[in-house]
Protein chains: 2
Amino acid sequence: MAERDADRSVSQTVRAQLALRDQILSGALRPGERISELQAVETAGVSRTPVRMALVRLEEEGLLEAIPSGGFMVKAFSERDILDSIELRGTLEGLAARFAAERGVSARDLEPLKECLNEIDGLVRQSPISVDAFSAYVALNARFHALLTELSRSPPLIRQIDRASALPFASPSGFVMAQSALPEAQQILLIAQDHHRIVVDAIENREGSRAEAIMREHARLAVRNLRLALRNRTHLDLLPALALIRTPEV
Amino acid sequence: MAERDADRSVSQTVRAQLALRDQILSGALRPGERISELQAVETAGVSRTPVRMALVRLEEEGLLEAIPSGGFMVKAFSERDILDSIELRGTLEGLAARFAAERGVSARDLEPLKECLNEIDGLVRQSPISVDAFSAYVALNARFHALLTELSRSPPLIRQIDRASALPFASPSGFVMAQSALPEAQQILLIAQDHHRIVVDAIENREGSRAEAIMREHARLAVRNLRLALRNRTHLDLLPALALIRTPEV
DNA sequence: CTCCCCAATAATGTATACAGTAGGTATCCA
DNA sequence: TGGATACCTACTGTATACATTATTGGGGAG
């Protein structure tokens with residue numbers, strides 16, 4: 001009720017979309033559960049029209065699924081869906097790295113990436129890494145991936161990568177957090193940093209195939225790590241958006 | 001006015017979406033042009049609410065672009081966007097082929113693909129190929145790609161490939177039509193058929209890397225061919241034709 | 001003559017009212 | 001007592017009315 005007149009700068013549709021996404025990701029709405037428009041109207045504090053717009057957008061985003069008889073439900077994902085989504089994004093980012101390398105990148109455009117890596121360097125060498133440093137790392141890592149994607153200068157590819165990252169567990173931050181549940185987390189961060197450095201080097205030297213190969217390997221390693229994390233159920237609570245994983249039938 | 005009560009089985013939203021997509025693809029609405037909701041309401045014969053829903057869906061589909069000040073415009077694509085979109089889809093289909101090979105496919109699941117190839121065989125060997133045979137080929141080729149995608153059994157990947165194929169020029173039918181404008185069209189069809197046969201073989205023998213590599217090469221070849229076609233100034237004839245072609249939804 | 005500002009108009013974003021349908025519950029009959 | 005049917009409720013899909021914002025055109029000032 002305090003939020004009713006908060007942030008008048010954003011449209012009602014966006015506000016509804018954010019509110020609903022929050023509810024889904026926080027687990028307030030369980031997978032398979034039907035979304036109640038009326039309830040959404042109350043929580044978002046807007047009328048049905050923008051709520052319905054938000055529902056359509058969230059469906060296209062992949063968080064919701066249309067029910068044939070009408071309405072929407074929260075989409076449920078299998079563990080394999082999650083692993084596939086990560087490999088998918090890795091493949092696309094590999095293509096982005098190739099494009100960047102083949103098309104040439106000016107030293108000035110490469111500067112932010114290198115700066116990003118340097119900032120990360122100081123963080124990953126701490127052992128054990130502090131909570132603040134870790135969240136700083138997560139943000140910087142996401143920034144690195146975004147910058148790399150941009151370097152492809154291919155709007156269709158960038159768009160597709162954004163879509164592939166929409167699912168929380170498929171986003172860069174998502175799987176960094178997932179891997180952090182593993183005992184070898186510290187070493188994983190160092191390896192990731194190496195990968196990133198190689199990619200930047202390959203792009204700088206215009207070696208498209210090498211840039212792509214290392215990004216794909218990077219993703220495949222992440223998939224292997226996450227598969228391990230998923231198998232170790234005790235660490236599952238550290239996974240982002242665990243609410244979206246389909247629970248076994250009761 | 002005859003369409004007002006036609007097809008009561010589909011929702012008004014879907015009807016509006018189809019009508020608008022038709023208008024865009026047929027060129028009745030030019031790229032960059034702002035969409036008039038009022039006009040859309042008239043042509044679709046429905047009220048503003050389903051029209052706006054359709055607009056949001058078409059934006060997510062990639063055919064429209066939101067205008068910051070409000071409303072939507074028809075999205076404009078550069079030639080490079082078109083080429084990138086094709087390579088993008090090829091990359092995704094390569095991953096699909098890899099998944100299919102690595103995860104194993106039963107002989108029964110592979111049957112429809114082989115049948116598809118056999119049906120195509122008879123068509124591509126005709127020289128010159130008749131108009132009817134060509135459109136039959138286009139349909140069968142699209143079917144082959146759809147079946148191959150399905151074989152990955154990865155819902156996230158399938159979804160992403162569908163999205164990548166939403167743009168008419170990036171769809172299998174789209175670039176077959178584009179390449180058909182080249183003088184070596186006949187030979188291109190034969191090469192494509194070879195590629196497809198190799199992919200099926202690789203999947204059957206569970207050679208993931210080979211299956212992926214050949215699909216990517218297939219796409220890169222198509223990109224090269226289309227770049228030639230665009231450079232030869234045949235694109236003035238090509239683009240309108242491309243706009244008319246879309247892969248069947250199913 | 002040109003540039004800027006204000007006002008009128010049109011179109012978007014939002015809210016609400018209406019209609020049709022699916023699902024649930026209660027009652028009645030076997 | 002169990003099952004089927006009919007009614008009722010609640011929710012979705014659609015239409016329309018309202019408000020707010022952008023755009024355009026004209027008029028006035030420099």
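**Notebook: protein surface at DNA strands D and C**

I began with DNA strand D and found 15 residues surrounding this strand, with Arg48(A), Arg52(A), Gln12(B), Ser47(B) and Thr49(B) as the closest. I then looked at which part of DNA strand D faces them: sugar and phosphate make up 60% of its atoms that come within 4 Å of the protein. I note that the model is a predicted one.

**Entry: polar contacts of strand D**

I looked up individual atom pairs next. For Arg48(A), I recorded a side-chain N or O atom 2.9 Å from a base nitrogen of DNA strand D. Thr49(B) also reaches a base: I read 2.8 Å between an N or O atom of its side chain and a base nitrogen of DNA strand D. For Gln12(B), I found that a backbone N or O atom is the partner, at 2.6 Å from a phosphate oxygen of DNA strand D.

**Entry: origin of the surface near strand D**

I asked which helices supply at least two residues each to the surface near DNA strand D. I found helix 3 (48–61) of chain A, and helix 1 (12–25) and helix 3 (48–61) of chain B. Helix 3 of chain B provides the largest share, three residues. By residue class, I listed three nonpolar, eight polar and four charged residues on the surface near DNA strand D.

**Entry: surroundings of strand C**

I repeated the search for DNA strand C. I found 15 residues around this strand, the closest being Gln12(A), Thr13(A), Ser47(A), Thr49(A) and Arg52(B). Of the DNA strand C atoms within 4 Å of the protein, I noted that 59% are sugar or phosphate, and that the rest are in bases.

**Entry: polar contacts of strand C**

I examined Thr49(A), where a side-chain N or O atom lies 2.7 Å from a base nitrogen of DNA strand C. For Thr13(A), I recorded a polar side-chain atom 2.9 Å from a phosphate oxygen of DNA strand C. From chain B, I noted Gly71(B), with a polar backbone atom 3.5 Å from a phosphate oxygen of DNA strand C.

**Entry: origin of the surface near strand C**

Which helix gives the most to the surface near DNA strand C? I found that helix 3 of chain A does, with three residues. I also noted that helix 1 (12–26) and helix 3 of chain A, together with helix 3 of chain B, each supply at least two residues there. The residues of the surface near DNA strand C divide into three nonpolar, eight polar and four charged.

Technical notes
Residues are numbered from 1 along each chain as its sequence is written. Chains are lettered from A and ligands numbered from 1 in the order in which they are written. This is a predicted model: local features need pLDDT of at least 70, side-chain atom pairs count only at pLDDT 80 or more; totals for chains, interfaces and linings use all residues. Side-chain values use heavy atoms; hydrogens and water are left out. A residue is near a molecule or strand if one of its heavy atoms lies within 4 Å of it. A polar contact is a pair of N or O atoms within 3.5 Å; within protein, one must be able to donate a hydrogen and the other to accept it, and residues adjacent in sequence count only if both atoms are side-chain atoms. Helices (H or I, at least four residues) and strands (E, at least two) are DSSP runs, numbered from the N terminus. Ala, Val, Leu, Ile, Met, Phe, Trp, Tyr, Cys and Pro count as nonpolar, Asp, Glu, Lys and Arg as charged, and the others, Gly among them, as polar.
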